[in-house]
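Colleague: I'd like a close look at one part of this model, the place where the domains meet. Could you take me through it slowly?

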Amino acid sequence: MSTTQTNKIEIIKATSSKINDVDFDNLSFGAVFTDHLFECDFKNGEWQTPVVKPYAPILMDPSSKVFHYGQAIFEGMKAYKDDKDAIWLFRPEENHKRFNASAVRMAMPEIPESIFLDGLNELLKLDAEWVKRGNGSSMYIRPFMIATGAGVVANPSDEYKFMILLSPAKSYYAGEVKVIIAEHYSRAANGGIGAAKAAGNYGAQFYPTNLANKDGFQQVIWTDDATHTKLEEAGTMNVFFRINDTLLTAPTSERILDGITRKSLLAIAEKEGLKTEVRSVLASELVEAAKDGSLKEIFGAGTAAVVSVIKGFSYKDEYYELPKTDDSYASLLKEKLTGIQNKLAEDTFNWTVQVK
Ligand SMILES: *Cc1c(COP(=O)(O)O)cnc(C)c1O
């Protein structure tokens with residue numbers, strides 16, 4: 001292994017690459033990781049020297065607080081390679097800001113932009129060969145932070161580990177998704193951690209989602225915990241509805257994650273001259289619209305799938321199937337957004353940042 005120092009980041013290169021063992025045409029999402037990872041530890045009240053090093057398991061004390069009290073947060077973002085082999089990130093400062101907001105809510109230390117973004121930059125440069133060009137290919141990026149301090153006393157850890165993993169991805173198609181509107185379980189509550197990308201939010205969703213799966217639904221549309229009448233998110237994505245020609249989505253709140261895909265799609269929709277309304281959408285309103293034919297589309301929005309089309313929903317034991325649309329807003333918005341991300345269309349919003 002050779003060791004060098006750039007921008008105060010230590011770089012330890014892997015002696016060999018796994019890249020030739022990977023079938024890039026048949027990637028399952030989040031299953032394969034590149035040769036290197038980025039790591040930075042927080043100790044004695046400060047962030048230590050960051051390092052890019054070979055991907056490998058980590059050794060931890062079994063009493064580390066992450067295992068007992070769940071101090072764990074993450075981000076999800078993507079990088080793309082253009083036809084000149086330049087690598088581009090999509091709105092990375094938004095992910096950094098949101099990561100720190102999650103850290104504050106989970107009583108974890110914030111991470112400086114210079115560590116988060118420069119670390120990611122160095123990691124992507126080292127594993128650049130793993131970022132593939134062309135239709136639907138991207139590099140899924142998983143920054144995360146865990147509490148590594150030892151001891152089971154129930155208070156915040158004084159030591160943390162921040163890491164970034166890279167996982168090559170093909171376009172993600174979830175198939176035809178049917179959803180069930182939650183009438184009992186909740187993803188988030190006012191005063192809770194729903195607006196943070198906390199690992200436990202996902203763990204808590206698995207059981208109600210399994211119940212939905214057993215009934216033939218792939219995902220749950222989460223509602224507000226107090227009344228279960230407002231439609232808030234679809235699985236781990238923000239959710240959009242099209243009623244007649246109006247695109248609707250709920251305002252972000254303590255219960256709704258401030259998705260970067262969500263706000264980017266809203267900006268694109270406005271630029272395309274589509275009518276948008278950011279307001280609470282009620283389950284009863286959706287049922288009415290489904291019955292009178294004005295409900296045209298429902299789709300989820302998030303980094304992994306970009307847009308995930310929902311073909312029908314169940315509410316109070318009644319199933320409603322959506323009609324097929326020729327002028328789908330979901331496809332239009334997905335095409336415009338991925339065009340910008342892949343550098344196929346002009347980035348009039350200034351959202352893309354080159355890795356260099
Ligand atoms: C990450 C996430 C989203 C989508 O956010 P993006 O920034 O668009 O990827 C939506 N809802 C929840 C609950 C999430 O965790």
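How many salt bridges are there between domain 1 and domain 2? And please put the answer in the context of the interface around it.

Modeller: Just one salt bridge is counted between domain 1 and domain 2. Keep in mind that this is a predicted model. Before the charges, here is the layout. Domain 1 covers 10-169 and domain 2 covers 177-341. Taken over C-alpha atoms, their centres are 28 Å apart.

On to the interface. On the domain 1 side 18 residues are in contact, and they meet 20 residues of domain 2. The size of an interface is often quoted as the accessible area lost when the parts come together. Between domain 1 and domain 2, that buried area is about 1,600 Å², with 63% of it on carbon and sulfur atoms. Three residues stand out here: Phe74, Phe90 and Arg98 supply 36% of the area that domain 1 buries against domain 2, more than any other three residues.

Now the polar side of things. There are 11 residue pairs in polar contact between domain 1 and domain 2, counting pairs with both residues at pLDDT 80 or more. On domain 1, the side touching domain 2 draws at least two residues from each of β6 (72-74), β7 (77-81) and α2 (92-105). The biggest giver is α2, with five residues. Sorted by class, that side of domain 1 has nine nonpolar, three polar and six charged residues.

Back to charge pairs. Side chains of opposite charge can pair when their charged atoms come close. Lys263 and Glu94 do this through their side chains, in a salt bridge with an N to O distance of 3.0 Å. By the domain bounds, Glu94 belongs to domain 1 (10-169) and Lys263 to domain 2 (177-341). The helix α2 spans 92-105, so Glu94 falls inside it. Lys263 and Glu94 are not on their own, either: salt bridges with shared partners join Arg91, Glu94, Lys97, Asp258 and Lys263 into one network.

For comparison, the structure as a whole holds 21 salt bridges. One of them pairs the side chains of Glu297 and Arg242 at 2.8 Å, N to O. Glu297 sits in strand β18 (residues 295-302) and Arg242 in strand β14 (residues 237-243), so this pair ties together parts that are 55 residues apart in sequence. Both Glu297 and Arg242 are buried.

Arg279 gives another picture. It forms a salt bridge with Glu277, the closest N and O atoms being 2.7 Å apart. Glu285 also forms a salt bridge with Arg279, again with the closest N and O atoms 2.7 Å apart. As for exposure, Arg279 is partly exposed at a relative accessible area of 29%, Glu277 is partly exposed at 27%, and Glu285 is partly exposed at 23%.

One uncharged spot to finish with: Ser314, in strand β19 (residues 306-315). Ser314 has 6% relative accessibility, so it counts as buried. Setting aside neighbours within four places in sequence, Ser314 is in contact with Val179, Ile180, Ile181, Phe217 and Tyr319.

Definitions and conventions: Residues are numbered from 1 along each chain as its sequence is written. This is a predicted model: local features need pLDDT of at least 70, side-chain atom pairs count only at pLDDT 80 or more; totals for chains, interfaces and linings use all residues. Side-chain values use heavy atoms; hydrogens and water are left out. Domain bounds come from an automatic or database domain assignment. Contact means heavy atoms within 4.5 Å. Buried area is the accessible area (1.4 Å probe) that two parts lose on being put together, summed over both. A salt bridge is a side-chain nitrogen of Lys or Arg within 4 Å of a carboxyl oxygen of Asp or Glu. A polar contact is a pair of N or O atoms within 3.5 Å; within protein, one must be able to donate a hydrogen and the other to accept it, and residues adjacent in sequence count only if both atoms are side-chain atoms. Helices (H or I, at least four residues) and strands (E, at least two) are DSSP runs, numbered from the N terminus. Ala, Val, Leu, Ile, Met, Phe, Trp, Tyr, Cys and Pro count as nonpolar, Asp, Glu, Lys and Arg as charged, and the others, Gly among them, as polar. Buried means under 20% relative accessible area, exposed over 50%, partly exposed in between (1.4 Å probe, protein chains only).
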